[in-house]
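This briefing introduces a structure to a reader who has not met it before. Please consult the sequence and the model shown below while reading the points that follow.

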Amino acid sequence: MQRRKHVVGNWKMNGDLAANDALLSACLGLPRSEVAVDLCVPFPYLAQAAARLAGSAISLGAQDVSEFECGAYTGEVAGSMLKEFGCRHAIVGHSERRTWFGDTDDRVAAKAARSIAAGLIPIVCVGETLLEREQGRAEEVVARQLDAVLERIGAAGMAGSMLAYEPVWAIGTGRTASPEEAQAMHAMIRAHVREHDARVAAELVVLYGGSVKSSNAASLFACDDIDGGLIGGASLMADDFLRIVDAAARAGIEAKAEAFASAGG
Ligand code: PGA
């Protein structure tokens with residue numbers, strides 16, 4: 001199954017109007033390619049980014065979304081509001097939200113469902129901590145996080161969603177999962193979804209996130225079940241981010257050539 005490569009920048013709580021402007025200008029200089037590029041910016045900068053990205057091939061996303069539709073929820077941001085500002089995606093269940101802001105499996109599932117209802121594509125993040133990996137529980141934890149979402153939105157909801165495997169021990173630490181470790185978990189995730197629906201599993205975009213840099217992107221993106229990256233720190237450095245997108249474009253071209261060759265082309 002030939003899936004399009006995606007590169008999603010997650011700016012986290014970084015930036016200011018001037019720095020964003022420079023970064024957006026650099027991203028707008030990206031050569032056209034088959035790679036889907038998305039930038040998830042802090043809420044206050046959505047309008048700035050939407051204005052700069054209008055008419056370009058780069059899409060806009062948010063880093064979180066409320067589990068509620070609207071109403072008396074001080075500080076929350078509704079999916080419909082994100083939609084109005086031109087968002088296409090919303091990250092849900094990032095490990096930083098799970099760790100610091102109490103996002104439980106259930107709440108993450110509710111946020112995924114609410115995103116879909118608002119017409120957004122949720123990028124559902126899953127991943128184990130270092131302790132969980134050392135205890136040999138990595139797959140169990142990721143499967144549990146996935147099940148919470150699958151129970152809520154079903155295979156049909158999964159068809160309109162994206163996943164990101166982000167081992168917590170690799171986020172912002174400079175320590176990346178090896179391509180073999182990442183591929184193994186991505187294959188497990190796809191197999192898990194396949195139990196519900198084979199077609200949805202085959203088409204599902206599963207990103208890898210956790211210290212992706214221009215130096216390791218190519219080897220990660222070359223893996224069969226890795227459909228691109230969710231990029232934190234390196235998405236704030238224009239040169240690095242552009243090189244990561246280029247690595248995704250090359251990986252996409254190679255995968256296409258392989259598929260063509262194995263089909264006897
Ligand atoms: P990192 O962050 O690339 O800085 O490790 C990835 C993420 O948290 O999405």
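**Ligand surroundings**

In this predicted model, the ligand is surrounded by Asn 10, Lys 12, His 94, Glu 166, Ala 170, Ile 171, Gly 172, Gly 210, Ser 211, Leu 230, Gly 232 and Gly 233. This shell comprises three nonpolar, seven polar and two charged residues.

**Polar contacts and cover**

- The side chain of Lys 12 places an N or O atom 2.7 Å from an oxygen atom of the ligand.
- For Glu 166, a side-chain N or O atom likewise lies 2.7 Å from a ligand oxygen atom.
- Gly 233 approaches through its backbone, with an N or O atom 2.8 Å from an oxygen atom of the ligand.
- On its own the ligand has 280 Å² of accessible area, of which the protein covers 95%.

**Nonpolar cores**

- The largest nonpolar core holds 66 residues, and those touching the most other members are Val 7, Leu 39, Leu 82, Met 158, Ile 189, Tyr 208 and Phe 221.
- Another core lies apart from it and has eleven residues, including Cys 40, Ile 123, Val 205 and Leu 207.
- Beyond its neighbours within four places in sequence, Leu 82 is in contact with Phe 43, Leu 46, Ala 62, Asp 64, Val 65, Val 77, Cys 87, Ala 90 and Leu 120.

**Aromatic pairs**

- Two aromatic pairs are present in the structure.
- One of them is stacked and joins Phe 68 to Tyr 73, at 3.9 Å centre to centre and with 5 degrees between the planes.
- Phe 68 is partly exposed, at a relative accessible area of 31%, and Tyr 73 is also partly exposed, at 36%.

Notes:
Residues are numbered from 1 along each chain as its sequence is written. This is a predicted model: local features need pLDDT of at least 70, side-chain atom pairs count only at pLDDT 80 or more; totals for chains, interfaces and linings use all residues. Side-chain values use heavy atoms; hydrogens and water are left out. A nonpolar core is a set of buried Ala, Val, Leu, Ile, Met, Phe, Trp, Tyr and Cys residues joined through side-chain atoms within 4.5 Å. Buried means under 20% relative accessible area, exposed over 50%, partly exposed in between (1.4 Å probe, protein chains only). Contact means heavy atoms within 4.5 Å. A residue is near a molecule or strand if one of its heavy atoms lies within 4 Å of it. A polar contact is a pair of N or O atoms within 3.5 Å; within protein, one must be able to donate a hydrogen and the other to accept it, and residues adjacent in sequence count only if both atoms are side-chain atoms. Accessible areas come from the Shrake-Rupley method with a 1.4 Å probe; for residues, only the protein chains shown count as cover. Ala, Val, Leu, Ile, Met, Phe, Trp, Tyr, Cys and Pro count as nonpolar, Asp, Glu, Lys and Arg as charged, and the others, Gly among them, as polar. Rings of Phe, Tyr and Trp (its six-membered ring) pair if their centres lie within 6.5 Å; planes under 30 degrees apart count as stacked, over 60 as edge-to-face and the rest as tilted.
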